[in-house]
Amino acid sequence: MAGRKRRKHRLLSETFKDDKRVSTKENDEQDHQESWSILPSELLELIISRLTLKDNIRTSSVCKKWLSVALSVRKVNKPPWLMYFPKLGHLFEFYDPSKRKTYSLELPQLHGCRICYNKDGWLLLYKPRTQRVLFFNPFTREMIKLPRFEMTYQIVAFSNSPKSQNCILFTVKHVSPTVVAISTCSPNATEWTTVNYHNRLPFVSSIWNKLVFCNGLFYCLSLTGWLGVYDPIEHTWSIRIVPPPRCPDNFFVKNWWKGKFMAENKGDIFVIYTCYSENPIIYKLDQENKEWIEMKTLEGVTFVMIGANKIHLKVFGSTRLMTYQHWKASGEVVIKDQ
């Protein structure tokens, strides 16, 4: 009887020790997690500020505090990354010109897709076979499907991140010499809305091949250099009475529309004419005086222009112009860090 009691006491003692060890282990894990979550914000900022864009985005998904810190140190004006399409397979390369590093990602989601536009780290994709339009984030792998829409080769853009309630997609298509069809959609819509508009000015081509979103408006540049503006809030289309930026004769003959680019930066709109044998010519839109002003310097602003054969990365400083030529282009896009 005494031996049976001793065995029972021994079993109870071992059970208590096991429970204590488990409890201690769980407490250690909890303390370890809490030790990371209670790190001072200044220390977190120091750590996360040294991460690449890819790691910064991954870090922001840990918790709300880390998200706040990651966003606060995510630099808006970082040089854009270049995305390179593989000839075979799904291994895409991302080139960071500021660090001269290349990163690789397997993205089978892009199979059969055409990239139409990119902004805030999101790609706007189109699948011609199924007429499926969708958003895709290559870093988080998040995908947002949109209503089907037949898209030929007209220009298309969106206003801001599809996670925003104010995100609007916009595309304009040539119908006749005086009429354009404008289609709009939002991520939560069930269908596209299409309305025909008249250009309302004589001798203005309705073929629009350059497009940017700036200050709440979509700005379109025609083949002949005229400026069309669409207001997504008022649903209005107008042609600005702004004479087209002067195009040098040698640029026009050699490049036609392939050497012309349009960009926006901090509320300003730029038109860039490029020629491989000449320095580019840059114009900035003067909204008040309704004219294009030729720029001699952009105070360090960087434009990445993707031409038919090569990529030209132009950095315009206060005193000099530097040109960097990278790999041959065969379908690259630019992803800007926001």
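Visitor: By this rule, a side-chain nitrogen of Lys or Arg within 4 Å of a carboxyl oxygen of Asp or Glu, to how many salt bridges does the count come?

Guide: This is a predicted model. Side chains of opposite charge can pair when their charged atoms come close. One pair is Lys 163 with Glu 142, at 2.7 Å from N to O, and another is Glu 294 with Lys 296, at 3.5 Å. The count comes to two salt bridges.

Visitor: How many residues apart in sequence are the parts that the pair of Lys 163 and Glu 142 ties together?

Guide: The side chains of Lys 163 and Glu 142 meet in a salt bridge. Lys 163 lies in the loop between β8 (156-158) and β9 (169-176), whereas Glu 142 lies in the loop between β6 (132-136) and β7 (143-146). The pair therefore ties together parts that are 21 residues apart in sequence.

Visitor: Is Lys 296 buried or exposed?

Guide: Lys 296 forms a salt bridge with Glu 294, and Glu 294 is partly exposed, with a relative accessible area of 32%. A residue counts as exposed over 50%. Because the relative accessible area of Lys 296 is 73%, this residue is exposed.

Visitor: Which residues form a nonpolar patch on the surface?

Guide: One member of the patch, Leu 46, is found in helix α2, residues 41-48. Leu 46 counts as partly exposed because its relative accessibility is 46%. The patch has about 240 Å² of accessible area together, and its residues are Leu 43, Leu 46 and Ile 47.

Visitor: Which residue in β3 is the bridge partner of Tyr 95?

Guide: Strand β2 (residues 91-96) and strand β3 (residues 101-106) run antiparallel and are joined by six bridges. The two strands form a hairpin with four residues between them, and Arg 100 in the turn has a positive phi of about 55°. In β3, the bridge partner of Tyr 95 is Thr 102.

Visitor: Which residues have the most contacts inside the largest nonpolar core?

Guide: The largest nonpolar core has 32 residues. Phe 170 touches residues beyond four places away in sequence, including Ile 155, Leu 211, Phe 218 and Trp 237. Those with the most contacts inside the core are Leu 124, Phe 135, Phe 170 and Trp 237.

Visitor: What percentage of the residues of the chain count as buried?

Guide: The chain contains five helices and 23 strands. A residue counts as buried under 20% relative accessible area. Of the 338 residues of the chain, the share that counts as buried is 42%.

Definitions and conventions:
Residues are numbered from 1 along each chain as its sequence is written. This is a predicted model: local features need pLDDT of at least 70, side-chain atom pairs count only at pLDDT 80 or more; totals for chains, interfaces and linings use all residues. Side-chain values use heavy atoms; hydrogens and water are left out. Buried means under 20% relative accessible area, exposed over 50%, partly exposed in between (1.4 Å probe, protein chains only). Patches are made of residues with over 30% relative accessible area and no salt bridge: like charges are joined within 9 Å, nonpolar side chains (Val, Leu, Ile, Met, Phe, Trp, Tyr) within 5 Å. Accessible areas come from the Shrake-Rupley method with a 1.4 Å probe; for residues, only the protein chains shown count as cover. Two strands pair if DSSP finds at least two bridges between them. A nonpolar core is a set of buried Ala, Val, Leu, Ile, Met, Phe, Trp, Tyr and Cys residues joined through side-chain atoms within 4.5 Å. Contact means heavy atoms within 4.5 Å.
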